[in-house]
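Reader: I am new to this one and would like to be walked through it. Could we take it step by step?

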Amino acid sequence: MKKFTSTFWLQRPIHWSLVFSLISLLVACNSNDIPVGPTSLNSRYTEEQPALSGNGRFLAFVSNRNGNHQLLVYNLEEQRLIRIQGLNRPETIAESPSLSYTGRYITYITSDQGRPVVALYDRAMQQSQILTPTYRGWVRKPNISPDGRYVVFETASRGQWDIEVLDRGPNIELDIPNGATVGSPP
């Protein structure tokens, strides 16, 4: 006759509760519930750091689909990904997106010579430019104003995290709704 110790009897219920918990998680997380495909919002890969345009039409986010860390833009009205030429450069990482009112301007963090920099992509011009090429410190978390004129971000140029406001100037083409005038609510 086998002798059972109290330790064995205490471990046995824990073992079965763990098994039942894992089975219930597997059943609840059915992969068929996730819409997948080249044009779907979610994929089987990590999707993170969402940013919504001011008008609520566009969503920018960072994705790891197809094995590439990339910044993607999704049209919520048409429920499809938008192809954006020149936004994601090979062998660079894009993070922390922010969108202007209609999604014309996208600010994000990318790398330049191994350093993080704030970049701005203009969807109308299909061009990207680095806004912080001369900053000596690290930068993070850029955010663009709804009209696209101002970009705020955090910088560690003084040895601590501070907030910088970058004015792109009065001569840029503002991202305002059609028919709206500057200074009027959308």
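**A buried threonine and its surroundings**

Author: Happy to! Let us begin with one residue: leaving aside residues up to four places away in sequence, Thr 107 touches Ser 96, Pro 97, Ser 98, Ala 119, Leu 120, Pro 142, Asn 143, Ile 144 and Val 151. Please keep in mind that this is a predicted model.

Reader: Is Thr 107 buried or exposed?

Author: Thr 107 is found in strand β6. A residue counts as buried when its relative accessible area is under 20%. For Thr 107 that area is 0%, so the answer is buried.

Reader: Which elements make up the protein chain, and in what numbers?

Author: Starting at the N terminus, the order is α-β-β-β-β-β-β-β-β-β-β-β. Put as a count, that is one helix and 11 strands.

Reader: What percentage of the residues of the protein chain count as buried?

Author: On the outer side, the protein chain exposes about 12400 Å², with 54% of it supplied by carbon and sulfur atoms. As for burial, the protein chain has 186 residues, and the part that counts as buried is 33%.

Reader: Which elements give two or more residues to the largest nonpolar core?

Author: That core has 13 residues, and Leu 71, Val 73, Ile 84, Leu 87, Ile 106, Tyr 108 and Tyr 121 have the most contacts inside it. The elements giving two or more residues to this core are β2 (58-63), β3 (70-75), β6 (105-112) and β7 (115-122).

Reader: What does Ile 84 touch, not counting residues up to four places away in sequence?

Author: Ile 84 is one of the residues with the most contacts inside the largest core. With residues up to four places away in sequence not counted, its partners are Val 73, Ile 106, Tyr 121 and Arg 123. Another core, of 10 residues, lies apart from the largest one, and among its members are Tyr 105, Val 151, Phe 153 and Leu 166.

Reader: Why is one side of β9 and of β11 left without a neighbour in the sheet?

Author: These strands belong to an open sheet of three strands with antiparallel pairing, in the order β9-β10-β11. β9 (139-144) and β11 (162-167) are each left without a neighbour on one side because they stand at the edges, each with a single partner strand.

Reader: Which residue in β10 stands opposite Arg 140?

Author: β9 and β10 (residues 150-155) run antiparallel and are joined by four bridges. Across from Arg 140, in β10, stands Glu 154.

Terms used
Residues numbered from 1 in each chain as written. Predicted model: local features only at pLDDT ≥ 70, side-chain atom pairs only at ≥ 80, totals over all residues. Heavy atoms only, no water. Pairing = 2+ DSSP bridges. Buried < 20%, exposed > 50% of the residue type's maximum accessible area, 1.4 Å probe, protein only. Areas by Shrake-Rupley, 256 points an atom, 1.4 Å probe, with all protein chains shown as cover. Core = buried A, V, L, I, M, F, W, Y, C linked by side-chain atoms within 4.5 Å. Contact = heavy atoms within 4.5 Å.
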